[in-house]
Amino acid sequence: MMGDAVLSLGAVLAVTGVAMLRRSWSRRTRSHGLNLAAWGSLALSTALGWASAGAWGAAVEAIVAMALAFVLLGWAAWTSPPGKALASNRRVGMLPENGAPLGIGRRIVTFTFVAILALASSLALAMAGRLLALVAGAGEANANAISLFVTPLAWMGLAYALMMTGNRRRQVVMLAIAAVAAVPAYLIGAMT
């Protein structure tokens with residue numbers, strides 16, 4: 001019963017903190033004192049949520065704060081007058097100029113590298129992480145969880161690196177190095 005009261009107090013502090021932030025940020029010049037009080041209220045809300053129900057309580061307080069922030073920002077966007085500045089007419093180079101070739105082949109290769117081969121390479125890195133976890137003494141379930149954690153992170157990192165590298169040879173080398181990481185796991189049968 002006491003935990004529910006503390007959780008409710010934390011929710012009130014979360015709502016107060018978000019409202020104070022919205023008030024501070026909507027002023028012509030931001031108030032440092034109001035900002036500090038708002039962030040302090042949100043921090044105290046999180047601490048109270050953690051004290052009453054652990055990570056679950058902190059998550060509840062965060063959800064309360066985010067829900068109110070969503071409502072307040074949505075209302076501000078709905079009621080604000082449209083801007084007076086005209087939109088820029090600059091092109092970002094996504095499509096070629098009139099009459100220029102579309103470069104479909106190059107685009108398909110880039111998609112294949114980033115979406116398909118980077119996923120395969122990230123799975124190889126995940127299997128290597130799983131093997132390392134097993135060798136370090138982790139249980140089967142923990143090693144599987146590590147591989148599930150590594151896969152999206154490695155995929156994101158590889159996709160970013162591939163997109164930032166314009167040289168195809170470097171892209172192939174990056175993918176190959178990541179794929180080679182799975183060879184030891186495959187050889188000893190840790191992938192089964």
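A residue counts as buried when its relative accessible area is under 20%, and as exposed when that area is over 50%, with partly exposed in between. By that measure Leu 13 is buried, because its relative accessible area is 19%, a value that should be read with the fact that this is a predicted model.

Leu 13 lies in helix α1, and if residues up to four places away in sequence are set aside, Leu 13 touches Ser 41, Leu 44, Ser 45 and Leu 48. One of these partners, Ser 41, has its place in helix α2, and Ser 41 is itself buried, with a relative accessible area of 8%. The side chain of Ser 41 reaches the backbone oxygen of Leu 13 at 2.6 Å, and beyond its neighbours within four places in sequence Ser 41 is in contact not just with Leu 13 but also with Thr 16, Gly 17 and Met 20.

Helix α1, which covers residues 2-26, also holds Val 18. Val 18 counts as buried because its relative accessibility is 8%, under the 20% limit. Its contacts, not counting residues up to four places away in sequence, are Leu 42, Ala 65, Leu 68, Ala 69 and Leu 72. By contrast, the C-alpha atom of Val 18 is separated by 21 Å from that of Ala 51, a residue 33 places away along the chain.

Helix α2, residues 32-79, includes Asn 35, and this polar residue is worth following in some detail. Asn 35 counts as buried, since its relative accessibility is 14% and the limit is 20%. The side chain of Asn 35 makes a polar contact, at 3.2 Å, with the side chain of Trp 25. Leaving aside neighbours within four places in sequence, Asn 35 is in contact with Trp 25 and also with Leu 21, Ser 24 and Arg 30.

The nonpolar residues can be taken next. In soluble globular proteins, nonpolar side chains tend to be buried together. The largest nonpolar core in this model has eight residues in all, namely Phe 113, Val 114, Ala 118, Leu 158, Ala 159, Leu 162, Leu 175 and Ala 178. The elements that give two or more residues to this core are α3 (104-135), α4 (140-164) and α5 (168-180). A second core, separate from that one, has six residues, among them Ala 14, Leu 21, Leu 42 and Ala 65. Two residues of this second core have appeared already, for Leu 21 is a contact of Asn 35, while Leu 42 is a contact of Val 18.

Helix α4 can be examined on its own. Its 25 residues reach 36 Å from the first C-alpha to the last, close to the 36 Å expected at 1.5 Å a residue. Within α4, the buried residues are Ala 143, Ser 147, Thr 151, Ala 154, Leu 158, Ala 159 and Leu 162, and what covers them includes α3 and α5. Leu 158, Ala 159 and Leu 162 also belong to the largest nonpolar core.

What sits over the ring of Phe 113? The charged end of Arg 168 does, 5.5 Å from the centre of the ring. How many aromatic pairs does a search of the whole structure find? The search finds zero.

Beyond α5 comes the loop between α5 and α6 (183-188), where Ala 181 lies. Ala 181 is partly exposed, because its relative accessible area of 23% falls between the limits of 20% and 50%. Leaving aside neighbours within four places in sequence, Ala 181 is in contact with Ala 124, Leu 125 and Ala 128.

Two separations relate residues discussed above to other parts of the chain. The C-alpha atoms of Ala 181 and Asn 35, which are 146 residues apart along the chain, are separated by 48 Å, and the C-alpha atoms of Leu 13 and Tyr 160, 147 residues apart along the chain, are separated by 39 Å.

How values were computed: Residues numbered from 1 in each chain as written. Predicted model: local features only at pLDDT ≥ 70, side-chain atom pairs only at ≥ 80, totals over all residues. Heavy atoms only, no water. Helix = DSSP H or I, 4+ residues; strand = E, 2+ residues; numbered from the N terminus. Buried < 20%, exposed > 50% of the residue type's maximum accessible area, 1.4 Å probe, protein only. Polar contact = N/O pair within 3.5 Å; in protein donor to acceptor, adjacent residues only side chain to side chain. Contact = heavy atoms within 4.5 Å. Core = buried A, V, L, I, M, F, W, Y, C linked by side-chain atoms within 4.5 Å. Expected span 1.5 Å × (residues − 1). Phe/Tyr/Trp six-rings, centres within 6.5 Å; stacked < 30°, edge-to-face > 60°. Lys NZ or Arg CZ within 6 Å of the ring centre and 35° of its normal.
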